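Thanks for coming. Please have the sequence and the model open while I talk.

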Amino acid sequence: MSTVSDIMQRTGVAFGTSGARGLVSAMTDRVCYAYTAGFLQFLAKEGAWGQGHRVALAGDLRPSTPRILTACAQAVRDLGGEPVFCGFVPTPALADWAFAQGMPSLMVTGSHIPDDRNGIKFYRPRGEILKADEPGITRQEIVFDRQRWTSDGMLDAPLPLPDTIDIAPGYIARYRDFFGPAALAGRRIGVYQHSAVGRDLLVAILTALGAEAVPLGRSDRFIPVDTEAVRDEDIALARVWAAKYGFDAIASTDGDSDRPLLADHTGEWLRGDVLGVLCARALGIASVVTPVSSNTLVEQSGAFARVHRTRIGSPFVIAAMDAALAAGEGHVGGYEANGGFLLASPLDRDGRRLGALPTRDAVLPIVAALVAAGSGRLRDLLDALPPRVTFSNRLEAFAPERRDALMAWLLPADAAARRDRLDRAFAPAAGAPLTGLDLTDGVRMTFANQRIIHLRGSGNAPELRCYTEAEDQATAQALNGAALDLVAATV
């Protein structure tokens, strides 16, 4: 008998804000079974699930996903439950359907990370698991039937997944019924499909709203499109497509289609935290929750009654949204720097209702921004915002021990020594003295000229993330490169 925590330590498959994540080679059937069993045992002890109850499952398009789904489904059966297979659909589509059914769900996906890795996201019957749930899940004891497993941790005789339940129509109707079938009439929108699990659904939704949706760049192999650190080749593709086809916009998502990408008519991708502001403003959100890494234009825009800042990760955003709802702060929504939008409050408009969906969604910010642009261009909305530009990049293969060494160097115990070190190291690159330091999540430095450098170890992959903010794109990008060069030379 082992606990989930024991299995985490032995295999390196971590459990964090996005659920379980790890190398495919480490995510054996036995490990995935254990995580699913631990999740359901935790819910059962809380009275939120039990024998005879259903669990919704879905997955992305990674090669390893069907195998992992099979192991998860077996855990559901062995605990006396019924697995309901919703197919290969976006994470928010699964969550929206499962929340409406009042059943827990899990999504097999590694999101945007390369396909040598995968993961499992877990959802309660009415929302995401939160940070407070993690200890209860990881201390669950898992009992294995030794005769069922091969020596390398795989199921000896895996059962097929159940027949697929088609949940796509409801996800399409969510947007068509609220925005209207002519909301995007006359708009020609390219859809960069690559290997996103929602690639066909995004085309269907835009078409249902009256747009001409043109599929582009479909791939049979998995492409790790990251909405926070857009690849050079994806930047080039969008510009070529915009020039060639004359689109009003180009839309895309990451692998599990909970994070959006949206480009204007020139093929320039919008930053996710800028798209979040456009979406929140278009929906009439009063209280906005967003992580500390997001662009400060959300405060500078003056569009919102309240802005709450959190640590990075949807569980932190959701916890703060719940607090805002409890405080009676009106319509509440949140977004992350990756662009995923979380809707905490249902919205009513002209007799139509958009139900709350308190998990990352890629479709809502794309559609809301396009509808807000009306007969004009997205660029017009962008030009009306304060001149604040963010840029993000990363150092890959940045091992946890290297991250820990960097943080130890950046943050001496003595507060005065800490500020002195950070000022000496980074002020020359920023072009002004250090004036502010935020340790909410990583190290976020603000300088006298309002430029920002934010360093943080990724919770999803062995990477160091660097976010920079400045008055224009060139400065933000140059500042990012200088900060990463300094880090690379230091540790």
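Leu206 touches Leu184, Ile189, Val191, Ala211, Ala213, Val367 and Leu370, leaving aside residues up to four places away in sequence. Before I go on, please note that this is a predicted model. Leu206 belongs to the largest nonpolar core, which has 63 residues. It is among the residues with the most contacts inside that core, and the others are Phe179, Leu262, Leu283, Phe341, Leu364 and Leu370.

Which helix gives the most to this core? That is helix 12, residues 363-373, with eight residues. Nine of the 11 residues of helix 12 are buried, so the helix is largely enclosed by the rest of the structure. If you want to mark them, the buried ones are Val363, Leu364, Pro365, Ile366, Val367, Ala368, Ala369, Leu370 and Ala373. Two of the names on that list, Val367 and Leu370, are also residues that Leu206 touches. Just after helix 12 comes Gly374, which takes a positive phi of about 60°.

Now look at strand 19, residues 357-361. Strand 19 is mostly covered, with five of its five residues buried. Its partner is strand 16, residues 341-343, and the two pair in the antiparallel sense over two bridges. Which residue of strand 19 stands opposite Phe341? The residue there is Asp361. Phe341 came up a moment ago as one of the residues with the most contacts inside the largest core.

Strands 16 and 19 are part of an open sheet of five strands, in the order 14-13-15-16-19, with mixed pairing. Its edge strands are strand 14, residues 306-310, and strand 19, and each of these pairs on one side only. Neighbouring strands of this sheet are turned by 20° against each other on average, direction ignored. Helix 9, residues 272-283, lies across strand 13 (287-291), strand 15 (332-335) and strand 16. Helix 9 runs at about 30° to strand 16.

Next, the other sheet. Six strands form an open sheet in the order 2-3-7-6-4-5, and the pairing is mixed. At the edges are strand 2 (14-16) and strand 5 (82-85), each of which pairs on one side only. The twist from one strand to the next averages 20°. Inside the order, strand 6 (residues 105-108) and strand 7 (residues 117-123) pair in the antiparallel sense over four bridges. One residue to find there is Met107, whose bridge partner in strand 7 is Lys121. As a general point, side chains in a regular strand alternate between the two faces of the sheet.

Two helices go with this sheet. Helix 2, residues 29-46, lies across strand 2, strand 3 (19-23), strand 4 (54-59), strand 6 and strand 7, and it runs at about 15° to strand 7. Helix 3, residues 65-78, packs on the sheet and touches strand 4, strand 5, strand 6 and strand 7. The direction of helix 3 makes about 175° with that of strand 4.

On to the aromatic rings. The count comes to 12 aromatic pairs. One of them is Phe178 with Phe179, an edge-to-face pair at 5.0 Å centre to centre, with 85° between the planes. Both Phe178 and Phe179 are buried. Elsewhere, Phe15, Tyr35, Phe39 and Phe122 form one aromatic cluster.

Then the cysteines. How many disulfides does a search of the whole structure find? The search finds zero. Why does Cys72 have no bond to Cys32? The sulfur of Cys32 is the closest cysteine sulfur to that of Cys72, but at 5.5 Å the distance is too far for a bond, because a disulfide needs the two sulfur atoms within 2.5 Å. Cys72 is buried, with a relative accessible area of 0%. Cys279 also counts as buried, at 0% relative accessibility.

My last stop is Leu455, in strand 23, residues 452-457. Is Leu455 buried or exposed? Leu455 is buried, with a relative accessible area of 0%. Leaving aside residues up to four places away in sequence, it touches Met407, Leu410, Phe426, Gly442, Val443, Met445, Leu464, Arg465, Cys466 and Val487. The C-alpha atoms of Leu455 and Leu406 are separated by 9.8 Å, and the two residues are 49 residues apart along the chain.

That is all I have.

Notes:
Residues are numbered from 1 along each chain as its sequence is written. This is a predicted model: local features need pLDDT of at least 70, side-chain atom pairs count only at pLDDT 80 or more; totals for chains, interfaces and linings use all residues. Side-chain values use heavy atoms; hydrogens and water are left out. Two strands pair if DSSP finds at least two bridges between them. Axes are lines fitted to C-alpha atoms, for helices over the stretch in contact, and angles run from 0 to 180 degrees between N-to-C directions. Contact means heavy atoms within 4.5 Å. Buried means under 20% relative accessible area, exposed over 50%, partly exposed in between (1.4 Å probe, protein chains only). A nonpolar core is a set of buried Ala, Val, Leu, Ile, Met, Phe, Trp, Tyr and Cys residues joined through side-chain atoms within 4.5 Å. Rings of Phe, Tyr and Trp (its six-membered ring) pair if their centres lie within 6.5 Å; planes under 30 degrees apart count as stacked, over 60 as edge-to-face and the rest as tilted.
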